Amino acid sequence: GQPLGPRRLSLKPVPKLPNTEAFLREALVKVKKQARGCLAPELCFQAVQAATQRPFAEGVRRERELFRVLLTSGQAQALQYAFFAERAVRRWATPGGASWSSAAPQPVRKAAVIGLGTMGRGIVTSLVKANIPVVALEQDLECLNKGRKAVMLLLEREAMKMEGGAQSLDFHNPARLQFTVDFDLLRDVDLVIEAVFENMALKKEIFHKLSKICKPGALLCTNTSALNIDEIASATGRPQQVIGTHFFSPAHVMRLLEIIYGRHTSPTAIATAMQLAKALKKVGVVVGNCFGFVGNRMMFPYVQQAVFLLEEGSRPEAVDEVLEDFGFKIGPFRMSDLAGLDVGWRSRKEQGLTGPSVPAGTAARQRHGQRYSPLPDLLCEQGRFGQKTAQGWYRYEKAGGRTATPDPWLHNFLSQYRDTHRIKPRFIDQEEILERCLFSLINEGFAILAEGIASGPEHLD
């Protein structure tokens, strides 16, 4: 019995909920936590809030005002820049004249991964998700079984997230995923990714073996985070086929794939690695060969400044908080704990920066003529490697735990260290923390550009 005339929703009063205020308060706390440093989610919240409190026309007007604020903001420009930068890096070029326009990739019908540690597992998972058949190789049966269990667990989790579930991944099929300790099974693969830990002698031994076993056209990739690609390639009879494919941890989640060419790497090899990045739904960035390449080389001075700040009077949680409030997903100390402090320690040992290998009479806080802080080394000597040992810069509820809690032991350790080295602690404000960490990162970026290691600022960004 109602008339059938038009009924405009926008003219109806906004229904009142009994607990609107409390609900909005809680929502704002959640949004702020998830959107650290980002304007848009908070302004979206304000638009929704306006809709609950005002008539339709006023609410829409408020929404337009908020949108204008975002449209002209620095963040909008930065996000647009990032969007186009991700597309610009597909057009790669090397100083030698090789480029995306003239190099054609080889097809990758079958791949292999050597080493099933944290990185190897993530890489296997990425390949399986991209529907590329994989052979996963470990040195002995014990490591293989441990690795297989971990990979299967990761794949089960990934399958749950996907629409078709486990059927779409089909990872129980040995034609898609095969585990082995036998190098001979790598004879017919198109591409091998070596993901053993950062030790030059071990990597060279593996590449020497691969060069004998793999078919002539196979691409030999190393997932090193800092080691010299040319030195690794020198162990093979085919340096033109050797390339760095540096995945970031966790490898099945992180979208960046750093692709490093050596002195002899062929344009076809670079094009194939870039094609692989695309197949894995990652952003491939082609860079030159130097210690730490681009990702880690820019990270070194950033983390180093963070450690210097601790020496001078700050705490890990204070530094992390400033950088996370600025917009980083994770601060330098939580990041170190997640990645494992032993990784950097191993690398510093190889560079002769740690422990007794420093000549007698050298100041503890100077190495190779540069300011150096032994704090991370001292933590590692105590067996504090981060999340994996339940304590690093923070402590965790258990080994492998994820929740970082400030650690009184560490605060005490820092004050003893300052006493030993006669450092008078001072209060360090947020501005100084932000500037010292960020500017050192940016300056290193300029140095990388100046050396021609990256072909444009978009690659670094």
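**Entry 1: aromatic rings**

I began with the aromatic pairs and found seven in the structure. The model is a predicted one, and I keep that in mind throughout. One pair I looked up is F326 with F328. Their ring centres lie 6.2 Å apart. Their planes meet at 35 degrees, so I noted the pair as tilted. Planes under 30 degrees apart would have counted as stacked, and planes over 60 degrees apart as edge-to-face.

Next I asked which residues share a cluster with F326 and F328. I found Y302, which forms one aromatic cluster with these two.

I then checked accessibility. F326 has a relative accessibility of 43%, so I wrote it down as partly exposed. F328 has a relative accessible area of 29% and is partly exposed as well.

**Entry 2: helix α8**

I moved on to α8, which runs through residues 200–213. I counted 14 residues in this helix. From its first C-alpha to its last, α8 reaches 20 Å. That is close to the 20 Å expected at 1.5 Å a residue.

Which residues of α8 are buried? I listed M200, K203, I206, F207, L210, S211 and I213. Where do they sit around the axis? They cover an arc of only 165 degrees, so they lie on the same side of α8.

I turned to the face of α8 that points away from the buried side. There I found the exposed residues A201, E205 and K212.

What covers the buried residues of α8? Among the strands I noted β1 (111–114), β4 (191–194), β5 (219–222) and β6 (242–247). The cover also includes the helices α9 (229–233) and α14 (341–350).

Last, I looked at the start of α8. A side-chain oxygen of N199 comes to within 3.0 Å of the backbone nitrogen of A201 there.

**Entry 3: cysteines**

How many disulfides does a search of the whole structure find? I got zero. I followed up on two cysteines.

C290 is in no disulfide. Its nearest cysteine sulfur belongs to C221 and is 19 Å away. The cut-off for a disulfide is a pair of cysteine sulfur atoms within 2.5 Å, so this pair does not qualify. C290 has 15% relative accessibility, and I count it as buried.

C380 is in no disulfide either. The nearest cysteine sulfur is that of C437, 19 Å away. C380 is buried too, with a relative accessible area of 3%.

How values were computed: Residues are numbered from 1 along each chain as its sequence is written. This is a predicted model: local features need pLDDT of at least 70, side-chain atom pairs count only at pLDDT 80 or more; totals for chains, interfaces and linings use all residues. Side-chain values use heavy atoms; hydrogens and water are left out. Buried means under 20% relative accessible area, exposed over 50%, partly exposed in between (1.4 Å probe, protein chains only). Helices (H or I, at least four residues) and strands (E, at least two) are DSSP runs, numbered from the N terminus. The expected span of a helix is 1.5 Å times one less than its number of residues. The arc is that of the directions from the helix axis to the C-beta atoms. Contact means heavy atoms within 4.5 Å. A polar contact is a pair of N or O atoms within 3.5 Å; within protein, one must be able to donate a hydrogen and the other to accept it, and residues adjacent in sequence count only if both atoms are side-chain atoms. Rings of Phe, Tyr and Trp (its six-membered ring) pair if their centres lie within 6.5 Å; planes under 30 degrees apart count as stacked, over 60 as edge-to-face and the rest as tilted.
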